[in-house]
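Please walk me through this structure in the viewer, one selection at a time. I would like to know what to select next and what is there.

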Amino acid sequence: LRGLELETPDIIVSDILMPGIDGWSLFERIRKRPRFSEIPFIFLTTEKELPQKLRGFHLGADDYVTKPFEVEELYARVERSLEWRRQLDKARRGDGAVLAGSVEHLSLPDLLQILSLNGRGGVVYLCQGDREGEVHFEGGKIIHAWSGNIQGLKALYRMLGWEQAEFRVMPGDGITRDNTVDLQIDTAMMDGMVSLDEWNRWKAALPASGKVLAVNGERRDAVNSTTVTEPEYEVLARTRAGSTIGAILDNCPLPDGALAQAICSLLDRKILLPVDPR
């Protein structure tokens, strides 16, 4: 704190567990000083719990490195944070994208946390192969997401699974859209990661997306005699309409992970059978 009075640093890297004053308090005291409010700040800690990480982002930190770590990782995080500030300065001057890169280097959950919890506004454009999507911010809050023919939380959760996507963060385009997302960012991210975990657990057991599901006539009575969950009910309703597995996943508003589990459960109980489309 005394050093800040002598010279303004390019970036601050601070431990959390320190004697006298911890990293949280240090960060808050620095951020209260207007001329230091935008110095990039990276936390170092041995605490791995997600709530602690979210606390750092809620305060407005730029990044978070968990011990033990390789010094090259810290260098990379420092350079990324400095580049973020350079891109932000360019955006304020009207020089184009606020930030651009790959989710392989900056994960989408981390990017969304940083943008939201630091009060960013604008649009995150995502592209992975032939798939595209957008996440819209207003006052640091996610208000809309879409990908293909789906939108809202389902689209947001699906894009969290894009592991090789390229992104661009741009100022808002001025187009008014319906608010399709209405969850706090930390809740949306945690729910989204749970859904993604479910999807990754069940997707390998799914038949090909072009397969049609049909009710097994010999097991039809089992549908009425057993408890059917909401996702299973949605799957059965769309099965009777002759939808493919891909269409069920795209057209049902429930998360992909819950639908995949429901499909696998119904197939395992022989209530549904996969058939080739006519």
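A pocket, as the word is used in this tour, is an open set of grid points with protein on both sides within 12 Å along at least five of seven lines, and a residue belongs to its lining if an atom lies within 4 Å of a point. The model on screen is a predicted one.

**Stop 1: the largest pocket**

Begin with the largest pocket, whose volume is about 550 Å³. Its lining has 26 residues; select R131, R158, G161, W162 and W199, the closest of them to the pocket centre. Next, colour the helices α5, α6, α7, α10 (residues 245-251) and α11 (residues 256-268), each of which supplies at least two lining residues. Which helix has the largest share of this lining? That is α7, with five residues. Coloured by class, the lining shows 12 nonpolar, eight polar and six charged residues.

**Stop 2: the largest nonpolar core**

Now select L111, L112, V124, L126, V135, L156 and F167. In the largest nonpolar core, which has 30 residues, these touch the most other members. At least two core residues come from each of α5 (108-117), β5 (122-128), β6 (131-138), β7 (141-147), α6 (153-159), β9 (166-170) and α7 (185-202). Helix α5 gives the most, with five residues.

**Stop 3: the six-stranded sheet**

Show the strands as ribbons and follow the order β4-β9-β5-β6-β7-β8: this is an open sheet of six strands with antiparallel pairing. Why does one side of β4 and of β8 lack a neighbour in the sheet? Strands β4 (99-102) and β8 (150-151) stand at the edges and have a single partner strand each, so one side of each is left without a neighbour there.

Inside this sheet, zoom in on β6 and β7, an antiparallel pair joined by six bridges. Select H136 and then H144 in β7, which is the bridge partner of H136.

**Stop 4: strand β2 and its partners**

Move to strand β2, residues 41-45. Is this strand largely enclosed or left open by the rest of the structure? Five of its five residues are buried, so β2 is largely enclosed. Side chains in a regular strand alternate between the two faces of the sheet. In β2, F41, F43 and T45 lie on one side, I42 and L44 lie on the other, and all of them are buried.

Add strand β1 (residues 12-15), which runs parallel to β2 and is joined to it by four bridges. To see one position in this pairing, select S14, which stands opposite F43 in β2. Then add helix α2 (residues 23-31): β1, α2 and β2 make a right-handed β-α-β unit.

Strand β3 (residues 63-66) also pairs with β2, in the parallel sense and over four bridges. Select I42 together with its bridge partner in β3, D63.

**Stop 5: the cavity**

Keep D63 selected, since the last stop includes that residue. How many cavities of 30 Å³ or more does a search of the whole structure find? The search finds one. About 90 Å³ of space lies in the largest cavity. Select its lining: D62, D63, R80, S81, W84, L99, L106 and I114. Helix α4 (residues 71-92) gives the most to this lining, with three residues. By class, the cavity lining has four nonpolar, one polar and three charged residues.

Definitions and conventions: Residues numbered from 1 in each chain as written. Predicted model: local features only at pLDDT ≥ 70, side-chain atom pairs only at ≥ 80, totals over all residues. Heavy atoms only, no water. Buried < 20%, exposed > 50% of the residue type's maximum accessible area, 1.4 Å probe, protein only. Pairing = 2+ DSSP bridges. Right-handed = clockwise from strand over helix to strand, strands pointing away. 1 Å grid on protein atoms, 1.4 Å probe; cavity = no way out; pocket = protein on both sides within 12 Å on 5 of 7 lines; lining within 4 Å. Points joined across faces, edges and corners; volume = space filled by probe spheres on them. Nonpolar A, V, L, I, M, F, W, Y, C, P; charged D, E, K, R; others polar. Core = buried A, V, L, I, M, F, W, Y, C linked by side-chain atoms within 4.5 Å.
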